[in-house]
Amino acid sequence: MILGILGGIGSGKSTVTRMFADLGAKTLDADTIAHELIEREDTKSTLRQWWGDEILSEDGTVDRTKIAERVFSDAEELVRLEKLLHPEVRARIEEKISEFKDNNGKFLVLDVPLLASSTLRDFCDEILFVNSTEALRETRVKVRGWSPDELKRREANQAPEDNKKILANSVINNSGSLDETRQQVEDLYESLLAIDFTERE
Ligand code: ADP
């Protein structure tokens, strides 16, 4: 079965994804794939042509904070970056989904931030919404150095929370402790494994 994860930024999608992994699920994380892609020489060279060497850190890797500063203050630059990265990220995800299916995988979790507005959703048997209050999300992303305004700016580029909720058929409440969340993840994992998705439609 393939489970897609939706939720606001800082809601706990990565945390929940890791908990599924602890239980034995395979996971696919679009951010990690995008980060790998950004360091590929061809991508890096395109980014340098666009924005100059100032987007590089001292060790020669791409400084993602600089990239974020550019694209989140200029919608056109964001579109340009997305056009460069998204097709490749998507191709990579599709490839990994195929591998999972070929190997008769049991449980795959897709942590793809833009899943709500992507046809990758069609690959999912179930969509989970990770729910946390806005106040908690603001506190939790502070460790990334993001202010509430930065959070809002980034969220403006994603589907609104309510749209994500509507798309989901399960919800995990992550406004409590990690233990409480883990319990919900375990329950959901068991109940989803018991469903024969080939028969559901
Ligand atoms: P997302 O992937 O949705 O952006 P994360 O899973 O990265 O969110 O969570 C954001 C931050 O909040 C992380 O630092 C994470 O460790 C922390 N966090 C997530 N869930 C909880 C929780 N239930 N209690 C305390 N901290 C949490």
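**Exercise 1. Determine which ligand atoms approach the side chain of R144, and then describe the ligand's other polar partners.**

Solution. Step 1: in this predicted model, an N or O atom in the side chain of R144 is 2.8 Å from an oxygen atom of the ligand. This qualifies as a polar contact (a pair of N or O atoms within 3.5 Å; within protein, one must be able to donate a hydrogen and the other to accept it, and residues adjacent in sequence count only if both atoms are side-chain atoms).

Step 2: for T15, a side-chain N or O atom lies 2.6 Å from an oxygen atom of the ligand. K13 contributes through its backbone, with an N or O atom 2.8 Å from a ligand oxygen.

Step 3: the ligand is surrounded by 15 residues, the closest being G10, K13, S14, T15 and N174. A residue is counted here if one of its heavy atoms lies within 4 Å of the ligand.

The model is predicted, so local features need pLDDT of at least 70 and side-chain atom pairs count only at pLDDT 80 or more, whereas totals for chains, interfaces and linings use all residues. Residues are numbered from 1 along each chain as its sequence is written, and side-chain values use heavy atoms, with hydrogens and water left out.

**Exercise 2. Characterise the interface of domain 1 and domain 2.**

Solution. Step 1: domain 1 comprises 1–25 + 106–194, and domain 2 comprises 31–105; the bounds come from an automatic or database domain assignment. The contact (heavy atoms within 4.5 Å) takes 16 residues from domain 1 and 15 residues from domain 2.

Step 2: the buried area is about 1,300 Å², with carbon and sulfur atoms giving 68%. This is the accessible area (1.4 Å probe) that the two parts lose on being put together, summed over both.

Step 3: across the interface there are two residue pairs in polar contact, both at pLDDT 80 or more, and zero salt bridges. A salt bridge requires a side-chain nitrogen of Lys or Arg within 4 Å of a carboxyl oxygen of Asp or Glu.

**Exercise 3. State how many salt bridges the rule counts, and locate the one between R70 and E54.**

Solution. Step 1: the count comes to 16 salt bridges.

Step 2: in the pair R70 and E54, the closest N and O atoms are 3.3 Å apart. Side chains of opposite charge can pair when their charged atoms come close.
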